[in-house]
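This report describes one molecular structure in sections. Please keep the sequence and the three-dimensional view at hand while reading.

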Amino acid sequence: MNAIDEIRSAAGAIPDPEMPALTIADLGILRDVRIDASGHVDVDITPTYSGCPALDTIREDVERCVRDQGYADVTVRTVLSPAWTTEWMSEAARVKLREYGIAPPRQGFDLKPLTIAVLCPRCDSTRTHELAHFGSTQCQAVRQCAACGETFPHFKEH
Amino acid sequence: MTLGVAGAAAVYTLRAADDCLVLSHRLAQWSSWAPTLEDDIALTNIALDLLGQARGLYARTAELDATGRSEDDYAFLRDEREFVNCLLVEQENGDFATTTVRQLLCSTFQLALWQSLTTSTDEQLAAIAAKAVTETTYHRDHATDWTLRLGDGTAESHERMEAALATLWPYTAELFESDAVSQEASILGVGPDPESLHPEWHGYVTRVLGDATLVVPQSTWKPSGGRQGLHTEPFGYMLAEMQHLHRSFPGVTW
């Protein structure tokens with residue numbers, strides 16, 4: 001593995017502060033790692049939501065992680081373009097979310113009304129309905145399953 | 001006011017930033033006071049989205065006006081006359097109906113603005129807008145749901161929505177005012193002249209109000225001045241509360 005891959009894999013393994021079952025690589029928050037001739041490391045991260053309060057923590061975690069890899073000189077930049085959407089989330093991330101009890105975002109979201117059901121992460125039923133648009137974090141809504149009664153978070157498509 | 005090319009873009013961006021910040025603070029004031037737990041969470045989540053949008057816009061303003069100011073400088077170290085938000089966002093929360101109506105009027109305007117800004121010639125603004133479009137769509141949905149429930153609800157909720165609408169409607173005229181700054185920004189392709197957003201805004205808002213059995217008020221009073229830093233009385237009190245900690249204890253951290 002070259003230096004960039006090493007840094008990318010170490011930084012990518014940092015857990016998301018609000019959903020620790022997922023890494024920042026799973027979520028697509030880690031965008032790019034560069035290293036110049038003098039050994040200076042640049043890391044690009046992107047927020048999932050404009051006001052995501054976890055981003056400052058993630059920045060500090062990435063800085064610490066890169067220093068621990070032996071690169072004292074590191075800059076973590078926040079990039080906004082192209083904008084993050086739930087389409088950036090990996091398939092592995094969707095599986096992990098589901099195992100964690102959070103219904104993953106549906107794919108193919110382009111601001112048209114979604115007709116695909118959100119499956120209950122507990123019993124797989126399609127008979128779920130939204131209880132609240134806004135949940136415990138900016139990215140989650142609250143839904144309930146009519147089949148098993150479970151109330152669960154749903155990672156909103158956006 | 002004399003404005004260079006960068007000046008118009010900076011002021012234009014600052015106006016949008018101040019709208020987001022002030023509305024964010026108003027919604028944050030609902031924390032622990034909303035009628036249901038879900039709405040306490042919803043209003044503060046929306047406030048957080050708006051705060052994030054404001055941060056991005058202040059950062060871009062600082063690059064455009066070349067003052068090197070930080071986000072905190074804009075938010076906490078400017079006086080009332082230096083804020084260029086519209087008057088609608090600074091109006092007091094009132095009851096939940098008042099906040100619901102304000103949210104419908106504001107989020108519909110902001111969504112139209114963000115949609116247009118996604119094609120801005122300013123790449124930073126376009127990037128901020130691309131993110132904000134999806135967030136603000138949820139804000140408008142939330143306001144729409146509550147407008148329908150309360151407008152077409154009980155006699156009491158309908159009456160409160162009517163009163164809120166009568167109070168806030170006059171402030172909507174200012175949203176679509178065109179001036180030298182907005183015209184320059186529009187010519188440069190930085191962003192739309194707000195005037196051009198009116199048909200879409202009006203179409204959506206009147207449709208929702210109609211479905212909610214509410215009547216659009218007839219009003220000839222069109223208060224204005226926010227974009228020039230002339231604000232309504234409640235704003236000074238809000239700023240004093242918002243800025244006091246930062247000004248009393250410069251550099252304080254958690």
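Which residue in β6(A) is the bridge partner of A:Arg143? The partner is A:Phe152. The sections below set this pair in its context, beginning with the standing of the model.

## The model and its confidence

The structure is a predicted model. For the complex, the predictor gives an ipTM of 0.83 and a pTM of 0.91.

In chain B, the pLDDT averages 95, and 98% of the residues score at least 70. Residues 1-5 of chain B, however, have a pLDDT below 50; this stretch has 6 contacts in the model beyond near neighbours in sequence.

## The antiparallel sheet of chain A

The pair named at the start belongs to an open sheet of 3 strands in chain A, ordered β4-β5-β6, in which the pairing is antiparallel. Strands β4 (128-132) and β6 (151-155) of chain A each have a single partner strand and stand at the edges, so one side of each has no neighbour in the sheet. From one strand to the next, the twist averages 45 degrees.

Strand β5 of chain A covers residues 140-145, and its antiparallel pairing with β6(A) extends over 5 bridges. A:Arg143 and A:Phe152 are bridge partners.

## The mixed sheet of chain A

Another open sheet of 3 strands has the order β1-β2-β3 in chain A, and its pairing is mixed. Its edge strands are β1 (30-35) and β3 of chain A, each of which pairs on one side only. Here the twist averages 15 degrees from one strand to the next.

Strands β2(A) and β3(A) run parallel and are joined by 5 bridges. A:Val41 has A:Val74, in β3(A), as its bridge partner. Helix α1(A) packs on the sheet, where it touches β1 and β2 of chain A; the direction of α1(A) makes about 145 degrees with that of β1(A). Helix α3(A) lies across β2 and β3 of chain A and runs at about 155 degrees to β3(A).

## Helix α3 of chain A

Helix α3 of chain A consists of 15 residues, from 54 to 68. At 1.5 Å a residue the helix should span 21 Å, and its end C-alpha atoms are 21 Å apart, which agrees with the expected value.

Which residues of α3(A) are buried? They are A:Ala54, A:Leu55, A:Ile58, A:Val62, A:Cys65 and A:Val66. These residues cover an arc of only 100 degrees around the axis, and therefore they lie on the same side of α3(A). On the other side of the helix, A:Asp56, A:Glu60 and A:Asp68 are exposed. The buried residues of α3(A) pack against α1 (3-12), α2 (24-27), β2 (41-45) and β3 (74-78) of chain A. After α3(A) comes A:Gly70, which has a positive phi, near 100 degrees.

## Where the two chains meet

How many residues of chain B are in contact with chain A? There are 22, and they are in contact with 14 residues of chain A. On the side of chain B that touches chain A, the elements that give two or more residues are α2 (37-65) and α6 (123-151) of chain B. The largest share of this side comes from α6(B), with 12 residues.

Notes. Residues numbered from 1 in each chain as written. Chains lettered and ligands numbered in written order. Predicted model: local features only at pLDDT ≥ 70, side-chain atom pairs only at ≥ 80, totals over all residues. Helix = DSSP H or I, 4+ residues; strand = E, 2+ residues; numbered from the N terminus. Expected span 1.5 Å × (residues − 1). Buried ≥ 20, exposed ≤ 12 C-beta atoms within 10 Å, placed from the backbone. Arc of directions from axis to C-beta. Contact = placed C-beta atoms within 7 Å. pLDDT = per-residue confidence, 0-100. Pairing = 2+ DSSP bridges. Axes fitted to C-alpha atoms, helices over the stretch in contact; angles between N-to-C directions.
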